[in-house]
Amino acid sequence: MLTLVAFVVALGILIAVHEYGHYRVAVACGIKVLKFSVGFGKPIYTWRLRSRPTEFSIGLLPLGGYVKMLDEREGPVDPAERHLAFNTQPLRARAAVVAAGPAANLLLAIVLYAVVNWSGLQEPQAILASPVAGSIAELAGLRGGERVQQAAFGDEDLQDVRSFEDLRWRLTQGALSGRDVQLLVSPDGEQPRGADANPVPTRSVVLPLSQLQAADADAQLFRKIGIVGPWTQAVIGELMPGGAAEKAGLRSGDVVLRVGDRVVVDGQQLREVIRASASLAQGPTQTWHILRAGQALSLPVTPEVRQEGSQSIGRISAYVGAPPAMVTVRYGPIDGLWNGVVRTWQVSVLTLKMMGKMLIGEASLKNLSGPLTIADYAGKSASIGWTAYLLFLALISVSLGVLNLLPLPVLDGGHLMYYLWEAITGKGVSEAWMDRLQRGGVAILLGMMSVALFNDVSRLLG
């Protein structure tokens, strides 16, 4: 139920903001707006504002919306109102009305990011877990427990890293754009001290992410990088009934010190040891040395062997690792707003780059998501809290704004291309060509929607 409500609310907000952008600029340009609708199909509620000619309505199907303006191409127009028709407006006014919808979504994203920045967000501290064996992070000299103080792309100036999620976003940008990332780290999660105290030594580590030629921002990408999570203590959490952990006699709260002769540093390393147990020549059974209520114990643990694609991995059916150390990330009024602008720009650029890569075959079409995936994430983010839900809304709002700016005839970007042609040639696109382009645009959009829906079903079934 929460998923459905969160999904409908998200769609309603995003569509209403998009259409309001069109409506507000149309009214400002002196265009008569006949109808403003959020949703399609039979109206379930309609109303009018005093002294306004516009009928506002909410449609039964919340999968889109529209703003109907007075237009000679859509029906007879009273000569006395011809100056209020959309098609009689100067080119700059028509272009402004069309561009206002995507712009409104991008502005909404800025506001949502800013609100989250101002209110503060609890995020894991930027302390690194043990890197994945053989990964870029391990080869670069990271061992786990380091606190990331600053980061930069290539030779750019270093910038402060406020949290692990901040670091993860920078790594995503670097990997997908083919740029190396420089990290300034201090050992053992310590903070550098002031000038009057002995400073904690820091060192610079360069992650050559340009070597990855990454196509997808998925879990496998971060395994290749080697940084998959923040540092956590190697503690056993909740156990699943009948799982390998319960059968071995493990209990929630057990601290794992060693597995065989290998010292366990943190939760991430323990998870990697469990995963790798399926491929051990001597079998998956391991001797775990644990600390339980101050008492040292040794237990034989046999992880379950499961298939993950073509790879056999170990699982113990228990949560591994204590919750990470958290930090409240909060910005001031100006910094919070500016960070919202920067994050919206970064997400927009990254979205366009991914679309470009998918177009030329450098990125998988599996990155396309449809309504089922969006609904799933809406429910999950809403269950976490309002800040996570606002971040979800901001991300989808950016995606909606960027998508609508694509030069497809059925989208706002397609109409802007028509106006660009009109500005260059001095005449509009002919009706015959308009019809052909519209049909082609519909075909492309239906193809994209089909792929996205197929991906949704594959993710849910997988």
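**Exercise 1. The loop between strands 11 and 12**

In this predicted model, Ala293 lies in the loop that links strand 11 to strand 12. Determine what sign its phi has and whether the residue is buried or exposed.

*Solution.*
Step 1. The phi of Ala293 is near 55°, a positive value, and the residue is not a glycine.
Step 2. The relative accessible area of Ala293 is 84%. The cut-off for an exposed residue is over 50%, so Ala293 is exposed.
Step 3. The two strands flanking this loop, strand 11 (residues 286-292) and strand 12, run antiparallel and are joined by seven bridges. Within this pair, Trp288 faces Leu299 of strand 12.

**Exercise 2. The sheet around this loop**

State in what order the strands of the open sheet are arranged, and identify which strands stand at its edges.

*Solution.*
Step 1. The sheet has four strands in the order 10-9-11-12, and their pairing is antiparallel.
Step 2. Strand 10 (262-263) and strand 12 (295-301) each have a single partner strand, so one side of each lacks a neighbour in the sheet; these two are the edge strands.

**Exercise 3. A second positive phi**

Establish where Ser317 is found and whether it is buried or exposed.

*Solution.*
Step 1. Ser317 belongs to the loop between strand 14 (311-315) and strand 15 (318-320).
Step 2. Its phi, near 55°, is positive although the residue is not a glycine.
Step 3. Buried requires a relative accessibility under 20%; Ser317 has 10% and therefore counts as buried.

**Exercise 4. The geometry of helix 2**

Compare the expected span of helix 2 with the distance between its end C-alpha atoms, then locate its bend.

*Solution.*
Step 1. Helix 2 has 29 residues and, at 1.5 Å a residue, should span 42 Å. The multiplier is one less than the number of residues.
Step 2. The end C-alpha atoms of helix 2 are 42 Å apart, which agrees with that expectation.
Step 3. At Ala100 the helix bends by about 40°, and Pro102 follows within four residues.
Step 4. After helix 2 comes Gly120, with a positive phi near 95°.

**Exercise 5. The surroundings of Ser348**

Describe which residues Ser348 touches and which backbone oxygen its side chain reaches.

*Solution.*
Step 1. Ser348 is part of helix 8 (residues 333-360), and with a relative accessible area of 10% it is buried.
Step 2. Its side chain reaches the backbone oxygen of Thr344 at 2.7 Å.
Step 3. Leaving aside residues up to four places away in sequence, Ser348 touches Leu106, Val398 and Val402.

**Exercise 6. Pro208 and its contacts**

Classify the accessibility of Pro208 and name the residues it touches.

*Solution.*
Step 1. Pro208 sits in the loop between strand 7 (203-207) and helix 5 (219-225).
Step 2. Its relative accessibility is 21%, so it counts as partly exposed.
Step 3. Apart from residues up to four places away in sequence, Pro208 touches Ile136 and Asp180.

**Exercise 7. Confidence**

Which helix has the lowest mean pLDDT, and which the highest, among the elements of the chain?

*Solution.*
Step 1. For the whole protein chain, the mean pLDDT is 86, with 92% of residues at 70 or more.
Step 2. Helix 12 (residues 431-461) has the lowest mean, 76, and helix 2 (residues 91-119) the highest, 95.
Step 3. Across residues 190-197 the pLDDT is below 50, and this stretch has eleven contacts in the model beyond near neighbours in sequence.
Step 4. Where pLDDT is low, predicted coordinates should not be read in detail.

How values were computed: Residues are numbered from 1 along each chain as its sequence is written. This is a predicted model: local features need pLDDT of at least 70, side-chain atom pairs count only at pLDDT 80 or more; totals for chains, interfaces and linings use all residues. Side-chain values use heavy atoms; hydrogens and water are left out. pLDDT is the predictor's confidence in each residue, from 0 to 100. Contact means heavy atoms within 4.5 Å. Two strands pair if DSSP finds at least two bridges between them. The bend at a residue is the angle between axes fitted to the seven residues ending there and the seven starting there. Buried means under 20% relative accessible area, exposed over 50%, partly exposed in between (1.4 Å probe, protein chains only). A polar contact is a pair of N or O atoms within 3.5 Å; within protein, one must be able to donate a hydrogen and the other to accept it, and residues adjacent in sequence count only if both atoms are side-chain atoms.
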